[in-house]
Amino acid sequence: MNRLRPIRITPRYLKYPEGSCLFQMGSTKVVCTASINNDVPDHAKDDNKGWLSAEYSMLPRATTTRSPRGRIASGGRTKEISRLIGRSLRAVMDLSAIPEVGMMVDCDVIQADGGTRTASINGGFIAAVQALRLWRKANPSIGWPVRDYVAAVSVGLIGGRVFLDLDYEHDVKADVDLNVVMTGSGDYVEVQGNAEHKPFSQKDLNHLLLAARQGIRKILFVQKKILGDISR
């Protein structure tokens, strides 16, 4: 169906991180935290920039069967999603505004029912802005890096019909599966997708991207209710 699952956000979910939230899309639940540190890679230091990295993981029993912790941590999927989250958040930040400042965004899936990577981007952005606002209070003379919102959603094609924000049941049935990341101003950050059974047409792609754009607008609306004006 061409509609989002219910979204629920609990900001400041944890006591100790500079930024945190529990982000829920349907039955998928992700705890997102953002930590400010001085861990900046050499390439960013050379360019006099700060840096943001991300790490994604899942609890062993976040799914219907238990997965060993070591296998989760070392898996290629885990690393690929971590890189996606980092790229997505950096896409809307001017890291030259925060030289020598490092940030780690951790996204830990406590319950998985499809769309864990997109939920992690959505919640990770909220946690990152919270952390940067807290850091800015202690460093008012330093610039503000956040330039725009960013949000993500999954979309798929099942039996010729477009389905938005796929849960696991629909994800495993999808003939085509896309993950779309966009900025608040409507530009694409990343489009990941594949055909599971047969190639799909340009018309199909257009329909999928339109549904994703409409869904992301709704996610952005929810994010904005939590964060408000992100220009400061």
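Strand 1 and strand 2 (residues 19–25) pair in the antiparallel sense, over five bridges. Within this pairing, I9 faces F23 of strand 2. The model is predicted.

**The five-stranded sheet**

Both strands belong to an open sheet of five strands, in the order 1-2-3-5-4. The pairing in this sheet is mixed. Strand 1 (7–11) and strand 4 (51–58) stand at the edges. Each has a single partner strand, so one side of each is left without a neighbour in the sheet. On average, neighbouring strands here are turned by 15° against each other, direction ignored.

Two helices meet these strands. Helix 3 (residues 76–90) lies across strand 4 and strand 5 (102–111). The helix runs at about 145° to strand 4. Helix 4 packs on the sheet and touches strand 1, strand 2, strand 3 (28–37), strand 4 and strand 5. The direction of helix 4 makes about 35° with that of strand 3.

**The four-stranded sheet**

A further open sheet has four strands in the order 7-6-8-9, with antiparallel pairing. Its edge strands are strand 7 (161–164) and strand 9, each pairing on one side only. Neighbouring strands of this sheet are turned by 20° against each other on average, direction ignored. Strand 6 (residues 150–158) and strand 7 pair in the antiparallel sense over four bridges. Here L157 stands opposite V162 in strand 7.

Helix 3 packs on this sheet, touching strand 6, strand 8 and strand 9. Its direction makes about 150° with that of strand 9. Helix 3 also lies across strand 4 and strand 5. Helix 6 (residues 202–227) packs on the four-stranded sheet as well, with contacts to strand 6, strand 7, strand 8 and strand 9. The direction of helix 6 makes about 145° with that of strand 6.

**A residue in strand 8**

N179 sits in strand 8. Is N179 buried or exposed? Its relative accessible area is 13%, which is under the 20% cut-off, so N179 counts as buried. Leaving aside neighbours within four places in sequence, N179 is in contact with R117, T118, V153, S154, E190, V191 and Q192.

**Pocket and cavity**

The structure holds one cavity of 30 Å³ or more. The table sets the largest cavity beside the largest pocket.

| Site | Volume | Nonpolar lining residues | Polar lining residues | Charged lining residues |
|---|---|---|---|---|
| Largest pocket | about 550 Å³ | four residues | eleven residues | five residues |
| Largest cavity | about 40 Å³ | nine residues | one residue | no residues |

The largest pocket is lined by 20 residues. R77, G114, T116, Y168 and D171 lie nearest its centre. Helix 4 (116–138), helix 5 (168–171), strand 8 (176–183) and strand 9 (188–195) each supply at least two residues of this lining. Which element gives the largest share of the pocket lining? Strand 9 does, with three residues.

The largest cavity is lined by I36, W51, L52, M93, L95, I98, V101, G102, M103 and L132. Strand 4 and strand 5 each supply at least two residues of the cavity lining. No charged residue is part of that lining.

Notes:
Residues numbered from 1 in each chain as written. Predicted model: local features only at pLDDT ≥ 70, side-chain atom pairs only at ≥ 80, totals over all residues. Heavy atoms only, no water. 1 Å grid on protein atoms, 1.4 Å probe; cavity = no way out; pocket = protein on both sides within 12 Å on 5 of 7 lines; lining within 4 Å. Points joined across faces, edges and corners; volume = space filled by probe spheres on them. Nonpolar A, V, L, I, M, F, W, Y, C, P; charged D, E, K, R; others polar. Pairing = 2+ DSSP bridges. Axes fitted to C-alpha atoms, helices over the stretch in contact; angles between N-to-C directions. Contact = heavy atoms within 4.5 Å. Buried < 20%, exposed > 50% of the residue type's maximum accessible area, 1.4 Å probe, protein only.
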